[in-house]
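Trainee: I would like to learn how to read a helix pair and a buried acidic residue. Can we work through an example?

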Amino acid sequence: MRYILLVLVLLTFLLTSCAPQTHQPLVYGLTLAPSGIDPHVNASSELGIPLSSVYDTLVYQDPATGEFVPGLAQRWDVSEDGLVYTFYLRDDVTFHDDTPFDAEAVRFNLERITDPALASQKAAFMLGPYARTEVVGEYEVQIHLSEPFAPLLDALSQVYLGMASPTAVEEWGDEYQLHQVGSGPFVFAEYVPGDYLLLRRNPDYAWGPSIYQHDTAQVEEIRFEFFTDPATRSPALETGEAHIMGEIPPQDAVRLTEDEGFYVEAAAIPGVSLMMFMNTTRAPLDDPLVRQALLYGTNRAAIVSTAFRGTSPVAYGPLAAVTRGYDPAVEAYYPYDATTAAALLEQAGWVDADNDGVRERDGEPLTLEMYLMGWGYMPEVGQLLASQWAEIGIAVQSEVVSYPEALEIGAEGRHHLIPFNLSGSDPDILRKFFHSQASFNWAHIDDAEMDGWLEEAARTSDETRRDALYRQVQLRVMDQALVLPIRDYVNLNGVSGSVSDLRFDAQGWFPILIDVTLEE
Amino acid sequence: MIEWTARARRPLLRQPVTALALAWLVLLVLETLVLPPLLPTDPRFADPAQVLLPPAAGHVLGTDALGRDVLSRLVWGGRWTLGMAMAALVVTFVLGLPVGLAAGSLGGRVDALTMRVVDALLAFPALLLAMVVVAILGTGLLPVAVAVGITAAPAHARMVRSVALEIRSRPYIDAARSVGCPPLRIALRHILPNAAPVLIAFATTQLGWILINGAALNFLGLGAPLGTPEWGAMLAEGRGYLRDGPWISVFPGLALTLTVLAAHLVGNGIEEALKRD
């Protein structure tokens with residue numbers, strides 16, 4: 001009996017060693033394991049890293065120029081009133097399950113996304129005032145809006161509005177996220193939640209947009225693994241466990257840059273910079289002088305060089321410098337000047353009468369409550385701010401809270417200061433933060449004029465007019481000192497020297513995986 | 001009646017290791033009381049020009065990732081860490097002692113009932129229980145002290161009970177009972193004083209355990225407010241910099257290890273000293 005077992009074991013070893021070892025998969029480290037990865041349903045940026053190569057979109061945004069280029073739609077036109085977008089689709093596209101792609105598939109996808117039963121967290125909102133989709137011909141489809149919406153093409157260029165195979169969606173129903181089928185350069189092969197996600201090259205891919213340099217993918221397989229603990233990311237890269245690793249801690253990025261075997265691909269993320277929202281409805285921050293004093297009293301360059309080891313640019317306004325519509329005029333605002341800060345505080349009536357290091361007014365000490373989230377180096381930023389503000393006589397009480405708690409605190413206005421950042425390539429993102437009705441109006445500002453600018457800019461398709469409106473918004477935000485910008489977000493990707501041609505899309509988050517090559 | 005005035009077999013200070021450990025603890029307590037205000041650098045002051053400096057003159061133990069002096073954080077940290085442990089120990093005594101004493105000196109149904117509850121609590125992983133308590137009370141140094149104190153209390157109660165049970169079987173307790181001494185008086189006047197030395201030894205050992213659990217909760221960010229120099233929190237701050245700034249976590253780690261070890265050794269030493277011939 002024992003001999004039979006031995007022979008069996010040996011045979012097993014023999015057989016496994018015979019298995020074809022034609023390729024090693026490229027291992028791509030993701031930073032968190034999202035609970036849901038259906039781009040139509042979930043909102044995580046993490047899901048888009050693999051899935052933007054599984055799905056094709058109607059249009060693409062060229063990361064170099066910011067222009068929209070054809071994707072599944074060969075061309076498109078917009079009606080005079082901006083309410084109807086007509087897309088003329090490619091007729092040679094098939095999904096990975098051999099379902100042909102046509103106008104009906106577009107209608108199916110958009111109807112799925114906007115169906116309230118799906119409870120879409122992001123995609124449905126990206127469609128803005130979407131009304132309905134009309135199939136005009138087999139390869140001609142119209143999207144109707146209830147009012148003009150300038151960011152529509154930007155939305156349609158993102159994976160959240162990627163085109164899924166109607167057959168697969170209907171077949172799998174609630175389990176679709178485990179069996180996703182698109183038409184992109186990679187096939188969704190296997191997904192074990194929390195463990196790994198495997199993509200396999202789609203050999204039939206022939207309809208890539210002009211921003212792709214190759215017709216088909218250059219690597220056979222990409223295996224995505226999750227490295228939630230930042231401290232494990234660079235070691236995994238350095239031991240060869242992974243070839244590409246997202247969100248490397250700044251200090252590790254500095255070391256990797258100096259290491260010959262690796263390089264760091266820093267992707268600047270457009271959107272709203274990391275900034276502290278100052279609650280304009282809560283004393284003492286209801287006084288613009290105090291808010292301006294905080295801005296003057298903050299040495300942002302020191303924060304960036306310390307907490308981010310100089311890997312991110314200093315932020316000057318509400319928009320990151322790489323965002324469309326960014327106005328460099330904000331860079332002249334509030335240079336670090338502790339003397340001016342102190343003078344402004346005195347002007348506002350805050351004086352340190354009892355010499356305890358903290359200013360008072362009417363016996364009340366100048367203490368600010370700051371709530372921080374545990375990621376993105378916000379605790380470090382908070383501690384540095386507290387240390388800098390101690391110099392100008394401001395005391396800070398900070399607390400680290402979870403994301404749901406932060407949402408509640410921000411909305412209710414229980415904070416003096418609370419940070420946030422959000423990525424997005426269209427400046428309409430400002431409407432989420434500075435419109436009086438916005439869900440992230442954490443500065444608690446109610447400025448009818450600014451509301452008007454933001455609403456008009458969302459409706460206008462004239463780019464010059466939009467830029468002018470967003471310029472006004474950015475300057476108003478800084479004039480009123482509604483936020484304290486800290487840094488523009490940069491996604492630091494550690495890359496093994498064996499990997500080349502890793503580029504990122506216009507969002508900065510999503511790699512263009514079709515062109516990536518791996519030396520074996 | 002008190003019987004522990006009898007000569008100890010090995011006085012505490014005749015055990016070199018225990019004496020050394022005791023000296024470390026005494027020094028540490030003195031240090032945390034006296035030294036912090038005398039330090040030249042503020043433990044929260046972040047100097048962007050002095051980030052991640054290795055130990056050298058000026059910054060004897062180096063600086064951390066935000067440019068703060070590790071030495072001054074370590075010294076101030078002792079105050080927070082030990083203070084929290086002491087507060088937790090008080091909570092342990094307040095909760096554990098009455099329960100254990102009642103169970104041990106009354107026996108019977110009281111004993112059976114309380115000990116089942118204690119068993120149930122002991123079966124629960126300590127750190128998890130502490131985290132549940134923190135989740136209810138909210139984060140902060142005092143909640144952590146209470147949480148750690150509560151988790152240490154069941155073991156404490158068990159110890160008090162077993163000592164009380166043992167003392168209860170001594171002839172002088174029978175004597176006290178036969179002259180009509182009420183149970184409460186027996187517990188407080190006859191059992192407790194005789195149990196005291198063993199309990200002090202046990203409490204010292206528990207102190208080490210409390211220090212570790214308190215530091216663990218702080219490490220997880222559930223304890224001291226952000227930026228507080230506390231040893232567990234310092235370990236957490238340094239763990240992202242093990243390659244480029246090991247000194248950030250090595251020194252608080254070392255301080256914690258030595259203190260826990262010292263508490264354990266002193267506890268053992270007291271126990272040794274109490275052993276009768």
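Mentor: Start with the contact list. Glu449(A), Met450(A), Trp453(A), Leu454(A), Glu456(A), Ala457(A) and Ala458(A) of H15(A) meet a set of residues in H16(A). On the H16(A) side these are Arg465(A), Arg466(A), Leu469(A), Tyr470(A), Gln472(A), Val473(A), Arg476(A) and Val477(A). Keep in mind that the model is predicted.

Trainee: How do the residues of this contact divide into nonpolar, polar and charged?

Mentor: Sort them by type. The contact of H15(A) with H16(A) has nine nonpolar residues, one polar and five charged.

Trainee: At what angle do the two helices of chain A pack?

Mentor: Take the axes next. H15 (residues 448-459) and H16 (residues 463-479) of chain A pack at about 150°, and their axes lie 9 Å apart. Angles over 145 degrees count as roughly antiparallel, so H15(A) is roughly antiparallel to H16(A).

Trainee: Is the crossing of H15(A) and H16(A) left-handed or right-handed?

Mentor: The crossing is left-handed.

Trainee: Now chain B. Where is Asp64(B) found?

Mentor: Place the residue first. Asp64(B) sits in the loop between helix H1 (16-34) and helix H2 (70-106) of chain B.

Trainee: Why does Asp64(B) count as buried?

Mentor: Buried means under 20% relative accessible area. Asp64(B) has 3% relative accessibility, so it counts as buried.

Trainee: Which backbone nitrogen does the side chain of Asp64(B) reach at 3.0 Å?

Mentor: That of Leu66(B). In addition, a polar atom of the Asp64(B) side chain lies 2.9 Å from the backbone nitrogen of Arg68(B).

Trainee: Which residues does Asp64(B) touch, not counting those up to four places away in sequence?

Mentor: With that exclusion, Asp64(B) touches Gln50(B), Val51(B), Leu52(B), Val70(B), Arg73(B), Glu237(B) and Ile248(B).

Methods
Residues numbered from 1 in each chain as written. Chains lettered and ligands numbered in written order. Predicted model: local features only at pLDDT ≥ 70, side-chain atom pairs only at ≥ 80, totals over all residues. Heavy atoms only, no water. Helix = DSSP H or I, 4+ residues; strand = E, 2+ residues; numbered from the N terminus. Buried < 20%, exposed > 50% of the residue type's maximum accessible area, 1.4 Å probe, protein only. Polar contact = N/O pair within 3.5 Å; in protein donor to acceptor, adjacent residues only side chain to side chain. Contact = heavy atoms within 4.5 Å. Axes fitted to C-alpha atoms, helices over the stretch in contact; angles between N-to-C directions. Parallel < 35°, antiparallel > 145°, perpendicular 65-115°, else oblique. Left-handed = near helix turned anticlockwise from the far one by under 90°. Nonpolar A, V, L, I, M, F, W, Y, C, P; charged D, E, K, R; others polar.
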